[in-house]
Amino acid sequence: MRLPETRDLFAREIDFPATKESVVNAVGDTDLDAPSGQTEAIADVLKRTETEDFRSSDELYDTLVTFVSDAFIGRKFYDDRGTSVGDDSEEVHF
């Protein structure tokens with residue numbers, strides 16, 4: 001499942017407010033598909049947060065997006081303004 005699709009999944013499958021345990025029981029085995037082709041289960045993502053209660057599907061989604069692995073990030077150190085953050089290469093000016 002793609003990450004943006006999880007918000008609808010949460011709204012359909014979970015009654016809010018919900019505990020982390022109830023979320024894991026309801027949808028924890030759902031695999032998230034990263035752009036890199038890797039997958040990660042929702043339960044594995046939620047293990048990284050100390051949050052135990054979620055008031056809404058939006059709050060749960062925001063938490064999920066915050067704690068997914070690096071496989072979901074895209075190009076590291078990329079800046080669309082032409083600078084390379086954290087990269088030792090020279091900056092190119094046009």
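Phe10 touches Phe16, Val27, Ile42, Ser57, Leu60, Tyr61 and Leu64 when residues up to four places away in sequence are not counted. The model in which these contacts are found is a predicted one. Phe10 is also among the residues that touch the most other members of the largest nonpolar core, a group that further includes Val23, Leu32, Ile42 and Leu64. The points below begin with the overall architecture and then turn to the core, two of its helices and some individual residues.

**Overall architecture**
- The protein contains four helices and four strands, and along the sequence these elements are arranged in the pattern α-β-α-β-β-α-β-α.
- Of its 94 residues, 32% count as buried, while the accessible surface comes to about 6,600 Å², with 45% of that surface belonging to carbon and sulfur atoms.
- Where contacts between residues at least 6 apart in sequence are considered, 53% join residues at least 24 apart.

**The largest nonpolar core**
- The largest nonpolar core has 19 residues, and the ones that touch the most other members are Phe10, Val23, Leu32, Ile42 and Leu64.
- At least two residues of this core are supplied by each of α1 (6-13), α2 (20-27), α3 (42-46) and α4, the last of these helices spanning 57-67.
- As general background, nonpolar side chains in soluble globular proteins tend to be buried together.

**Helix α1**
- Thr6, Leu9 and Phe10 are the buried residues of α1, and they lie on the same side of the helix because they cover an arc of only 100 degrees around its axis.
- The face of α1 turned away from this buried side carries Asp8, Ala11 and Arg12, which are exposed.
- The packing partners of the buried residues of α1 are α2, β2 (31-33), α3 and α4.

**Helix α2**
- In α2, the buried residues are Lys20, Val23 and Val27; seen down the axis of α2, they fall within an arc of 60 degrees and therefore line one face of the helix.
- A general point about geometry is relevant to such faces: an α-helix has 3.6 residues a turn, so residues three or four places apart point the same way.
- On the other side of α2, the residues Glu21 and Asn25 are exposed.
- The buried residues of α2 pack against α1, β1 (18-19), α3, β4 (53-54) and α4.

**Ser57 and the Phe16-Pro17 bond**
- Ser57 belongs to helix α4 and, because its relative accessible area is 15%, under the 20% cut-off, it counts as buried.
- Leaving aside residues up to four places away in sequence, Ser57 touches Arg7, Phe10, Ala11 and Phe16, and Phe16 is in turn one of the residues touched by Phe10.
- Phe16 and Pro17 are joined by a cis peptide bond, with omega at about 0 degrees, and Pro17 is located in the loop between α1 and β1.
- In general, most peptide bonds are trans.

**Asp70**
- Asp70 is found in the segment after α4 and counts as partly exposed because its relative accessibility is 47%, a value between the 20% and 50% cut-offs.
- Although Asp70 and Ser36 are 34 residues apart along the chain, their C-alpha atoms are separated by 9.7 Å.

Key
Residues are numbered from 1 along each chain as its sequence is written. This is a predicted model: local features need pLDDT of at least 70, side-chain atom pairs count only at pLDDT 80 or more; totals for chains, interfaces and linings use all residues. Side-chain values use heavy atoms; hydrogens and water are left out. Buried means under 20% relative accessible area, exposed over 50%, partly exposed in between (1.4 Å probe, protein chains only). Contact means heavy atoms within 4.5 Å. Accessible areas come from the Shrake-Rupley method with a 1.4 Å probe; for residues, only the protein chains shown count as cover. A nonpolar core is a set of buried Ala, Val, Leu, Ile, Met, Phe, Trp, Tyr and Cys residues joined through side-chain atoms within 4.5 Å. The arc is that of the directions from the helix axis to the C-beta atoms.
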